Amino acid sequence: MKTRLKLPDELGHFGVYGGRYVSETLMPALLDLERAYSEIKVDAKFKEEVNYYLREYAGRPTPLYFAERMTKELGGAKIYLKREDLAHTGAHKINNTIGQALLASRMGKRRIIAETGAGQHGVATATVAALLKMECEIFMGLEDTRRQALNVVRMKLLGAKVREVSSGTQTLKDAMNEAMRDWITNVRTTFYIIGSVAGPHPYPTMVRDFQAVIGEEAKRQIIEKEGRLPDLLIACVGGGSNAMGLFYPFLKDEKIRMIGVEAGGSGLETGEHAASISVGKPGVLHGSKTYLLQNEDGQVKGTHSIAPGLDYPGVGPEHSYLKDSGRVLYTTVTDKEALSGFKFLSQKEGIIPALESAHAISYATHMATTIPKDSIIIICLSGRGDKDIQVVANALGMQI
Amino acid sequence: MTRIHDKFKELKERGKAALVTYITAGDPSLETTTKIVFELEQSGADIIELGVPFSDPMADGPTIQLSSERALKNGMTLRGVLDILRKIRKKSEIPVIIFGYYNPFFSYGLKKFAEDARDAGADGVLVVDLPPEEAEEFKIHTDKVGLDLVFLLAPTSTSERIRLVSERAKGFIYLVSVTGVTGERPAMDYSLEHIVREIKNHTRLPVGIGFGVSTQDQAQMIANFADAVIVGSALIRIIEKYGHKGKELFKEISGFINGLSQACYHDS
């Protein structure tokens, strides 16, 4: 199947995936949002405004860093890291929240809500809400508020209200359910900033477009440094926004291989993982049709990953499409392997990655020696690991 | 024409708005659900919405969320809902609408579900998160077997959407009374009457109003301008409270439904 590049269609479908599966109450709001987004998409002034904040406030462009020691240590292909960990708030999430918050402003909405897993999207949302003087409420699973306590404090310091979600599995999917319920209730006054390339149309497209700055910069930077395009791109995939952001601007260059790394948790054979694309089957959750971890009765399964940002049973619909079309290869890395990647990058490069990004690092360490030595790999280092110190210390038996 | 159509016709002649009652199949237990349906019918309910529990009920408030969790713990599945329906049909001809979120239907297989549901005796299906734009792949199958695919409208719906939904809907139109999730509410929105009138400009289908209805006063108010009064969370709260108290459960349901049913008569 040939990968089509001009997607989605006008109803938000990427092949058979995507779409808008929401209750009627939200349909008018989504249609409004779609209209507003298509207007600002071609509005030079809006673009300029977004670019201004990306540059002056978020610190873009982020470096494309040649990981020389990592490359030497592995003795394989040349490895570059796209340093999203150096963006303001410590992850790529800010690229999207700046765009959506400015759009919310344009639409006259003064209240912002968001879901968060690792807390990175929550922090990035609370940050722009403070910047643009908006009321902000963040929904976070109770389990995640425990393992990412640092980010909870950050959000509160930024002036956001953090709503702990104790229903269901108390992780990202339930936070998203609760954010949706809030949106259904307050849809007239509230803008919902979804943090991944998931949810109903136009979110998957809009978030992809705001995150595409990652890939656009990387493309420019690698040509400057190497005079040519890379051979392989690697990124972690939970909902898949950092991966989509890196991959999208390279999709039409058919020679460039792309790998999305999902959370293998305790191992696929244990059933405790979050490998939606690798193990799930198509279904409908949170407004779009996509690969979904579910039981034989169509009930959504609980997931497990050491990285809360990957701990989600679905995935962005465009990833489902890219999997079926064969354009992107999806694979998994276990908690244990991610921890090795985490230690490896910390010790070899002096960069402590987020546990989510450590999945991509770990896979790259295996991959680097299996391809020709003159190949170039770009890994999306989607976030920094400060938020994970407690979890990693526990996992490695260290005292804090 | 389904039992839903016949029921609305019959009630119109009797001067009553339909009392539509939602229960989650499998709450408090698989066996009790069937008995609850019979009790509802005897007490004056006209149409049953048989809820399929889902792990992620995004449009529901706490009462139905917890009810779904209990039902799932009891092992309820979509297959199980059809089993319950077959048992109901041995004794009753009350119109039944299978009510749920899309994924369990999608996972079951849309064509197979439509056929099995019809064979089990269902009259309609309502999928909360399936707006008309995405419904074609399901509707071709429900239309073929003669199941009514019921759609929602909301206070936020624009005229354009009211027209779209009115054109595609079958059975009746379910107007959500409030901008919000399911659950009881003290006050109803008085602009609803206006929306009902607008819907009626586009379709001859009956219009029912649900979300937040719990008292006889509310039922009576709605019955004055709509064709059906839909009650969910308030009934689920009774089931939550008395679910494991034997006969008391049926006494409570009977009292509650009787009162609402009386309130559904015009000029009552």
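Which elements of chain B cover the buried residues of α12(B)? The model is predicted, so that local features need pLDDT of at least 70 and side-chain atom pairs pLDDT 80 or more, whereas totals for chains, interfaces and linings use all residues. Residues are numbered from 1 along each chain as written, chains are lettered from A in the order written, and side-chain values use heavy atoms, without hydrogens and water.

The cover of α12(B) includes β1 (18-24), α2 (30-43), α10 (216-223), β8 (228-231) and α11 (233-242) of chain B; helices (H or I, at least four residues) and strands (E, at least two) are DSSP runs numbered from the N terminus. Among the buried residues of this helix (under 20% relative accessible area, 1.4 Å probe, protein chains only) are Leu249(B), Phe250(B), Ile253(B) and Phe256(B).

The contact between the chains (heavy atoms within 4.5 Å) takes 38 residues from chain A and 37 from chain B. The buried area (accessible area lost on being put together, 1.4 Å probe, summed over both parts) is about 3000 Å², of which carbon and sulfur atoms give 52%. In chain A, Glu24(A), Arg181(A) and Gln299(A) lose the most area to chain B, together 22% of what that side buries.

Four salt bridges (a side-chain nitrogen of Lys or Arg within 4 Å of a carboxyl oxygen of Asp or Glu) are found across the interface of chain A and chain B. Glu24(A) forms a salt bridge with Arg161(B), with the closest N and O atoms 2.7 Å apart. On the side of chain A that touches chain B, α8(A) supplies the largest share, eight residues.

Key
Buried area is the accessible area (1.4 Å probe) that two parts lose on being put together, summed over both. Buried means under 20% relative accessible area, exposed over 50%, partly exposed in between (1.4 Å probe, protein chains only).
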